[in-house]
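Here are my notes on the model you asked me to look over. Have it open while you read.

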Amino acid sequence: LGLALYASSLCAVSGAAFLYHDYCVIGAGPSGLQAAYFLQQAGRDYVVFERSHAPGSFFALYPRHRKLISINKRYTGKSNSEFNLRHDWNSLLSHDRRLLFRRYSRDFFPDADAMVRYLEDFASLLKLQVQYNTAIIHVTLERDRQAWNGHYFLLTDQDRQNYKCSSLLVATGTWVPNVVNFPGSEYVEGYETVSINPEDFAGQTVLILGRGNSAFETAENILGVTNFIHMVSRSRVRLSWATHYVGDLRAINNGLLDTYQLKSLDGLLEGDLEDLAIVKDKKGKLHITLRFYLENRNTSAGIDSVTLPQDELDNFATRAPYDRVIRCLGWKFDFSIYNRSLRMMPGKGNKKKYPQIKPSYESRSTRGLFVLGTASHSVDFRKSAGGFIHGFRYTTRAVHRLLENRHHGVPWPSTVYPITQLTNSIIKRVNEASGLYQMFSILADIILLRENATAFEYLEEYPVGVLAELETQTGRKAPNGLFVVIMEYGRNFSGADKDVFYYNRAVGEAQHAWQSNFLHPVIYYYKRLPTEREMRLRPPDWPLPRPDAVHHIVEDFLTDWTAPNAHILPLRRFLENCLSTDLRNFFAESCFLFAFTRQKLPPFCRQGYVRMQGLVGSEGLRRHAVEAGLLEDYAPTDFSGDRPPDSREGSQDQLLRDQAIPVRPLQHLVNAKDE
């Protein structure tokens with residue numbers, strides 16, 4: 001029967017007309033709109049399918065109690081827009097300054113209705129190609145050697161209209177409720193339908209299944225009106241400040257932890273939900289028992305014939321009956337619309353709610369099918385922020401850049417700088433880049449060295465999971481080695497059982513930077529591009545394989561890595577050791593002396609002074625250098641002609657004419673500190 005239905009569906013599809021687009025995006029949530037923005041900016045042929053009448057339909061219902069847990073920090077004390085995105089967890093990336101979320105809400109934890117308005121404006125103001133009221137109900141493949149990926153994607157909507165696409169971007173999120181089936185589960189109310197009016201729970205005893213933010217959000221709403229609330233889940237509570245994972249329990253929802261630990265009747269229990277059973281008595285009360293007590297028994301005979309745990313253990317924790325049981329177990333990806341030909345398979349273990357994808361966000365089984373947004377969180381689940389707006393806005397941009405290179409020959413954006421700007425470039429990025437900061441351990445800046453290390457090419461926010469494929473994925477070459485700039489927490493600092501507030505938890509000395517606990521920059525150096533085998537065999541919990549050299553910039557309380565001695569000087573010396581060169585900046589006078597006293601000039605002198613660039617001697621600059629102790633006071637007392645003392649030619653001529661400079665000042669100049 002299944003084969004017959006499959007064959008009939010193929011016949012129906014093959015006989016229908018198709019509307020073609022290069023790119024099809026399923027879902028007009030935040031990730032779908034973000035992908036649409038990049039496609040539109042690049043001038044690509046695309047369409048976004050949205051089943052609802054407006055974008056962001058998930059936020060029209062969820063969270064049920066309307067309080068988002070993504071922060072909206074409107075003030076940082078800085079005007080750098082890239083830096084400010086580090087603390088804006090709701091805005092999507094665009095060129096339009098009107099589309100910053102701080103213009104839609106003044107609340108630190110905004111209302112979900114503000115997100116709905118924001119997404120509607122994002123789609124309309126940018127004129128994105130969204131086709132509303134179009135529910136894609138079936139997706140299959142059509143083999144064709146002429147297609148970009150060797151096949152086309154065939155989509156069918158609820159009106160049996162068919163579409164054909166070369167690339168498919170799935171941005172539907174995870175919206176199917178997780179349901180656990182056990183005896184009596186029909187008495188359980190779901191988070192998606194339960195009342196949000198606290199008065200409906202007045203004087204009741206409530207059991208909540210689950211231990212995520214939705215469970216605690218529900219408990220927080222009724223905490224003040226219930227007799228008591230019990231919460232049961234198979235895992236212990238995980239606090240986001242301990243795990244450094246924003247998907248774990250946030251402080252805004254953790255009031256139940258107070259009432260539990262301060263002996264106010266509420267409580268948390270651990271147990272496998274599949275082992276539970278619920279029995280309803282004649283008064284409508286719900287009794288918790290264990291599944292094995294019901295085996296070989298007729299539960300319809302009534303509660304009096306059912307053995308309850310308290311019959312054998314009189315202090316059984318959940319022996320009191322409950323008025324209501326609420327399921328708050330989160331959501332999972334909807335696999336139902338994808339034909340077997342796409343081989344969309346769920347992940348394993350705690351990632352089974354997500355589809356299997358590569359670190360490039362492409363399906364493991366189907367080329368050209370990319371998963372975006374929350375559904376792509378398997379790449380960094382419980383590690384980084386890829387399941388949330390402030391994370392997947394950057395991974396979506398990374399996917400777009402991969403597609404631009406693959407299908408349109410547009411290499412990954414990069415900038416070439418002289419090697420003398422290497423230290424400055426790294427310091428600038430680690431102090432302001434929001435993609436590195438939010439997607440720590442997942443996205444990294446790649447610095448490709450040119451021959452003889454005279455220059456470098458800078459690529460921003462590349463997925464480190466596909467570092468071995470960098471040349472094919474970006475269109476850039478890496479024959480001379482590379483640096484990888486990434487942000488990391490300390491190796492043993494994060495975890496549900498970690499005390500992140502212990503005494504002396506912070507590191508302040510540069511020599512102990514490798515022991516830094518808080519988020520800090522780490523620079524990996526490779527003499528050659530790592531191979532796929534090396535990526536596969538990298539140490540556990542390492543984002544990258546073992547490098548030829550590695551440098552940690554010591555953590556900073558202000559996340560401001562600009563201290564000359566603690567941050568910049570150790571970084572510069574690390575880079576110099578890797579490149580066997582001198583990356584200091586020098587005054588023109590120092591370069592002039594080096595030309596007579598060294599066989600090889602530092603890069604700054606070769607690329608600046610020798611080419612008539614750099615700092616030109618002037619009276620004001622010379623006086624400043626003398627006062628700072630960088631130069632001896634050997635100023636001439638006479639200038640020939642009417643040429644001013646700050647003239648470049650005059651300064652150089654005077655240096656050549658001056659025969660009265662003693663040996664000691666020369667030695668002092670050679671050993672002068674860098675600028």
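The points below go from the whole protein to one helix and then one pocket.

1. Ground rules: this is a predicted model, where local features need pLDDT of at least 70, side-chain atom pairs count only at pLDDT 80 or more, and totals for chains, interfaces and linings use all residues. Residues are numbered from 1 along each chain as its sequence is written, and side-chain values use heavy atoms, with hydrogens and water left out.

2. The protein has 21 helices and 22 strands (DSSP runs numbered from the N terminus: H or I of at least four residues, E of at least two). Of its 675 residues, 52% are buried, meaning under 20% relative accessible area with a 1.4 Å probe, protein chains only.

3. Take contacts (heavy atoms within 4.5 Å) with a separation of 6 or more: 66% of them join residues 24 or more positions apart.

4. Helix α5, residues 112–125, reaches 20 Å from its first C-alpha to its last, close to the 20 Å expected at 1.5 Å a residue (1.5 Å times one less than the number of residues). Its buried residues include Met115, Leu119 and Phe122, and the buried set packs against α2, α3 and α11.

5. Now the second largest pocket (an open set of 1 Å grid points, over the protein atoms alone, where a 1.4 Å probe fits, with protein on both sides within 12 Å along at least five of seven lines; lining residues have an atom within 4 Å of a point). Which residues lie nearest its centre? They are Val379, Lys383, Ile442, Arg538 and Trp542, out of 43 lining residues. Helix α15 gives the largest share of the lining, three residues.

Methods
Buried means under 20% relative accessible area, exposed over 50%, partly exposed in between (1.4 Å probe, protein chains only).
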